[in-house]
Amino acid sequence: MNFQFTLRCTILLMLLGRMSNGYSQGNDSDSDSPNPLNVLDVNPEPLNLNPIVRKIGYPAAAKEKEIEGEVVVQVLMDPEGNYLTHKVVQDPSPLLTETVETHIVELKCTPAILHGEPTKV
C-alpha cells in the first residue's frame, strides 16, 4: 500500500497578498488586526522549505499505523523573513502534525515588502 504524507506550508494571504486570521500586518508591529487594504509589493518566498520537508520525511510511527494526510500550517514571519509563530490549519493526525511543528520553526523566507519596506506577514 502506498501512503501519502504532505506538508503544505502556506503563508495564507488575504486580499491579493495579505495574511489573515488576526496576525498583525504592515509596518506597525503593535497592530493586532489585519488591514485588508494593504497589498504587498513583494510576497515572501520560502528559502529552505525543501530541506525542511526532507527533515520531516514520513514519521515511522505514522507509517506503521498507516496514517496519511496533509498537514497545513499558517506561518507568521518577521520583516526579515524569520519564523515567528505558526497556526495549524489542518491536522490529520497528531503523529504527522507534531513532526511538522518540530521543524517548521526553521523556516526562512525572503522578506515581504509593503510600500517599499520589509514587513511582518
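# A walk through the model, starting at helix H3

Select helix H3 and pick out its buried residues: Leu-96, Thr-97, Thr-99, Val-100 and His-103. Now turn the view until you look down the axis of H3; these buried residues fall within an arc of 160°, so they line one face of the helix. Then look at the other side of H3, where Pro-94 and Thr-102 are exposed. Keep in mind as you go that this is a predicted model.

**Zoom out**

Show the protein chain as a cartoon. You should be able to find three helices and seven strands. Trace the chain along the sequence and the pattern reads β-β-β-α-α-β-β-α-β-β. How much of the chain is buried? Buried residues account for 41% of its 121 residues. If you switch on a surface, the chain exposes about 6,700 Å², with carbon and sulfur atoms supplying 51% of that. As for contacts, take those between residues at least 6 apart in sequence: 70% of them join residues at least 24 apart.

**Into the core**

Next, select Val-73, Val-75, Met-77, Ile-104 and Leu-107 and show their side chains. The largest nonpolar core has 14 residues, and these five touch the most other members. Which elements give two or more residues to this core? They are helix H1 (49-56), strand S4 (69-77) and helix H3 (94-103). S4 provides the largest share, four residues.

Stay on S4 and color it by burial. The strand is mostly covered, with seven of its nine residues buried. When you look along a strand, remember that in a regular one the side chains alternate between the two faces of the sheet.

**The hairpin next door**

Add strand S5 (residues 83-90) to your selection. S4 and S5 pair in the antiparallel sense, over six bridges. To see how they line up, click on Val-72 and look across to S5: Gln-90 stands opposite. The two strands form a hairpin with five residues between them. In the turn, select Gly-81, which has a positive phi of about 90°.

Now go to His-86, which sits in S5. Is His-86 buried or exposed? Its relative accessible area is 18%, so His-86 counts as buried. Show the side chains around His-86 and you can pick up two polar contacts. One of them, at 2.6 Å, joins the side chains of His-86 and Tyr-83. Another, at 2.8 Å, joins the side chains of His-86 and Glu-101.

**Two stops for prolines**

Select Pro-59, in the loop between H1 and helix H2 (60-64). With 12% relative accessibility, Pro-59 counts as buried. Draw a C-alpha to C-alpha distance from Pro-59 to Thr-97, one of the buried residues of H3: the two are 38 residues apart in sequence and 10.0 Å apart in space.

Then select Pro-46, in the loop between strand S3 (18-19) and H1. Pro-46 is partly exposed, at 35% relative accessibility. What does Pro-46 touch, leaving aside residues up to four places away in sequence? The list is Leu-107, Lys-108 and Cys-109. You met Leu-107 earlier, among the core residues that touch the most other members. Try the distance tool on Pro-46 and Cys-109 as well: 63 residues separate them in sequence, but their C-alpha atoms are 4.2 Å apart.

**Last stop: backbone oddities**

Most residues other than glycine have a negative phi. With that in mind, select Glu-66, in the loop between H2 and S4. Glu-66 is not a glycine, yet its phi is positive, about 55°. Glu-66 counts as partly exposed, at 49% relative accessibility.

Finish at His-115, in the loop between strand S6 (112-114) and strand S7 (117-119). His-115 also has a positive phi of about 55° although it is not a glycine. Is His-115 buried or exposed? With a relative accessible area of 59%, His-115 is exposed.

Terms used
Residues are numbered from 1 along each chain as its sequence is written. This is a predicted model: local features need pLDDT of at least 70, side-chain atom pairs count only at pLDDT 80 or more; totals for chains, interfaces and linings use all residues. Side-chain values use heavy atoms; hydrogens and water are left out. A nonpolar core is a set of buried Ala, Val, Leu, Ile, Met, Phe, Trp, Tyr and Cys residues joined through side-chain atoms within 4.5 Å. Buried means under 20% relative accessible area, exposed over 50%, partly exposed in between (1.4 Å probe, protein chains only). The arc is that of the directions from the helix axis to the C-beta atoms. Contact means heavy atoms within 4.5 Å. Accessible areas come from the Shrake-Rupley method with a 1.4 Å probe; for residues, only the protein chains shown count as cover. Two strands pair if DSSP finds at least two bridges between them. A polar contact is a pair of N or O atoms within 3.5 Å; within protein, one must be able to donate a hydrogen and the other to accept it, and residues adjacent in sequence count only if both atoms are side-chain atoms.
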